[in-house]
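Reader: Could you take me through a single part of this model up close? I'd enjoy a friendly, connected tour.

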Amino acid sequence: MPATGEVQPRPFVAVAEPLDRARAAQVLDGRHIFGDGAGAHAELFFGRSPEDFPHSNRYQLCLIPSETGREWLGALVRLNCNYFVECYDGLDLVDLGPLRTAKRGANWDLLVCMSTQSAYQLPMARKFVTALRHRGIIHDTIAPTVEMAVQEAFANSMIHGNLEMNTTGHLSMDRFNELGEETARRLASPVYGGRVIMLTAKKRRNGNVEISINDQGSGFVPPDETPVPKLPGAESTFGRGLPLIRSLCHDVSFDRGGRTIRLTFAPDTAASLPLNTTFAAGLEAAEHASGEADLRNPRDATILIADDTMISREIIASYLRSDGFTNLVFAKDGEDALEQANKHNPDLIILDIIMPKMDGYEVCKVLRADPSFAETPIIAQTALEENEGRTRIFEDGATDLILKPLNKAEMIARTRIHLENRLLVKQLQAYQERTQSELEMARDMQEMLIPKAEQYRGIGLDYGMTISASFQMSSELGGDMWGLAPIDDDRLGVYIVDFAGHGLGAALNTFRLHSLIWSDDRHDDDPGAYLESLNRHLKGLLPVGQYATMLYGIINRTAETFRYASAACTSPVLGNVKTGSTTFLDGSGVPLGVIRDARYETRETAFGIDNFLLLYSDALIETVLDDGALLEGERLLHLVQDIISETGGMPDLASHLADQFMDRAPVKLHDDFTVVSLQPNRQNPENR
């Protein structure tokens with residue numbers, strides 16, 4: 001409990017299966033993660049993949065299983081969590097103090113803590129930097145530079161830190177092989193392989209990004225020489241990456257006796273701006289308050305008149321009252337002006353420049369520094385004849401300037417125009433807030449149409465199959481949807497839909513089609529006839545020019561077939577885990593909602609124990625990746641083959657494919673991303 005006596009909320013902790021509650025408690029009950037002991041009271045959420053955890057939750061910590069593979073590295077991007085810790089026997093964080101700051105909330109924008117044994121074979125630098133991109137910590141333009149520097153520093157900390165490998169001497173082939181054998185021995189040793197390596201990243205308020213790699217080895221601090229000495233020759237391999245790292249970073253430093261390498265990257269000024277969290281938080285609150293203040297008529301506005309002369313205040317007030325402005329507030333000096341502004345939150349301020357205690361220049365600067373008054377119109381009034389004084393008031397934040405002696409018509413005209421502009425801005429803000437609220441509601445409703453992980457996995461078990469899926473909504477509201485339709489004990493229907501366009505229209509069309517699909521329990525044995533029926537109904541519901549692509553198919557596990565029909569859907573991939581072969585199925589057809597009497601062909605292919613099926617939306621093949629190319633045609637087939645080869649045919653193809661796609665894709669997708677894989681469970685007794 002903090003010193004103020006306030007009760008801190010229970011932290012949310014995501015626990016990756018096969019870790020169980022008892023194993024998680026062994027890590028959380030100690031004080032080397034949550035220094036205040038809050039881990040013992042954490043609320044635990046369990047799941048087999050990142051998609052299993054409710055994305056509306058903000059997790060303070062994610063515990064991942066020992067010797068984790070690539071599938072859980074994808075959680076760095078897809079899970080709403082900043083701390084990732086491998087839960088393994090011998091985990092000891094006693095000397096890694098940064099993690100203990102978790103008790104006050106996320107001190108790091110990203111922290112990944114793993115054993116040397118687990119991290120050695122994994123593309124940690126790429127996954128880490130990809131996660132930073134998706135969190136907005138670094139911009140895409142500098143990501144390759146950051147990745148290269150992190151990779152070099154990470155390798156140094158792994159090899160020379162945790163493994164304490166001695167690489168001095170001439171590197172002959174025999175010497176290289178000896179190092180390989182020694183590396184394998186040390187990785188298998190609980191002393192070396194069980195040491196922790198931790199990556200952390202933080203974006204500072206000045207825009208700099210600070211990344212540190214922390215190991216538990218003996219430590220090494222190179223001599224501080226400028227310029228950097230020439231690269232070591234054949235007698236040593238250590239430090240060859242250090243000149244490269246220094247050339248890529250704004251600054252490199254060492255801490256904890258050389259067991260921490262800290263890399264600082266200056267902001268990409270064209271891509272990102274320094275953070276000012278205090279101002280941003282205040283501005284957000286001010287926008288919320290302005291949305292609640294309903295200014296419908298400019299003459300209902302609250303106007304603050306700040307002048308040290310009573311007669312001047314009365315003259316201005318009489319001018320305004322004559323034009324119907326009656327909600328007037330007065331201040332007799334600069335300090336009083338700030339007090340009245342905070343008390344009444346005026347819609348417009350008429351401010352004298354020359355006043356006692358605090359002049360108009362200072363009042364302007366103080367008001368503009370407060371997010372609550374960042375956009376409030378300020379009309380300055382002055383008798384100053386010097387241009388310098390008039391220019392300065394605009395530099396300090398005034399919206400307009402009127403000269404004394406005041407002209408009634410001019411005063412009223414300037415007041416009207418600034419209040420009308422203020423009214424338009426507030427109406428626009430209210431409209432944007434309402435639209436955003438509606439979009440968020442539609443987004444939530446659309447996500448409800450997508451099967452949850454526990455649902456599709458449960459259905460898969462019923463049919464002796466492993467079903468894997470990944471869905472990510474685009475930066476705009478889209479129209480993707482997929483689902484499963486159990487027919488009987490042997491037949492399982494599956495569909496994937498993509499409506500043209502974005503926004504509320506696409507979402508509403510998705511709801512319409514979903515209602516049609518589930519309006520009855522009849523999903524015909526003939527997929528072509530089923531699509532024809534849906535098309536006739538949808539044609540009468542959709543406005544002209546709107547349409548959907550769709551594939552509907554039926555897997556028959558007894559007949560070992562897949563019968564399907566397509567309405568211009570992306571071509572499914574059919575593969576074989578034994579042979580590694582992959583091929584595209586025919587996805588041609590007329591989109592739904594275009595022609596009322598369109599006909600759809602039912603196609604059939606073998607789907608046996610060694611086969612797998614991959615369905616996906618066009619975002620997978622139409623998104624330009626970081627190399628400027630698309631993941632389409634033979635390139636997609638080769639990637640699927642590589643995943644099958646690397647994983648030994650493990651039935652979690654969709655997650656692996658989504659992970660590799662997100663590594664290379666832009667942070668903001670312009671279309672919904674959906675990928676679904678279905679594969680008979682070869683370990684299921686019914687399928688042997």
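Author: Happily! In helix 1 (residues 21–28), the residues R23, A24, V27 and L28 are buried, where buried means under 20% relative accessible area and exposed over 50%, with partly exposed in between (1.4 Å probe, protein chains only). Helices (H or I, at least four residues) and strands (E, at least two) are DSSP runs, numbered from the N terminus. The four buried residues cover an arc of only 130 degrees around the axis, which puts them on the same side of helix 1; the arc is that of the directions from the helix axis to the C-beta atoms. On the face turned away from that buried side, helix 1 carries the exposed residues R21, A22 and Q26.

What do the buried residues of helix 1 pack against? Their partners are strand 1 (12–16), strand 2 (43–47) and strand 3 (61–64), with contact meaning heavy atoms within 4.5 Å.

Ring pairs also link F12, F45, F53 and Y59 into a cluster. Rings of Phe, Tyr and Trp (its six-membered ring) pair if their centres lie within 6.5 Å; planes under 30 degrees apart count as stacked, over 60 as edge-to-face and the rest as tilted.

A word on the basis: this is a predicted model, in which local features need pLDDT of at least 70 and side-chain atom pairs count only at pLDDT 80 or more, while totals for chains, interfaces and linings use all residues. Residues are numbered from 1 along each chain as its sequence is written, and side-chain values use heavy atoms, with hydrogens and water left out.
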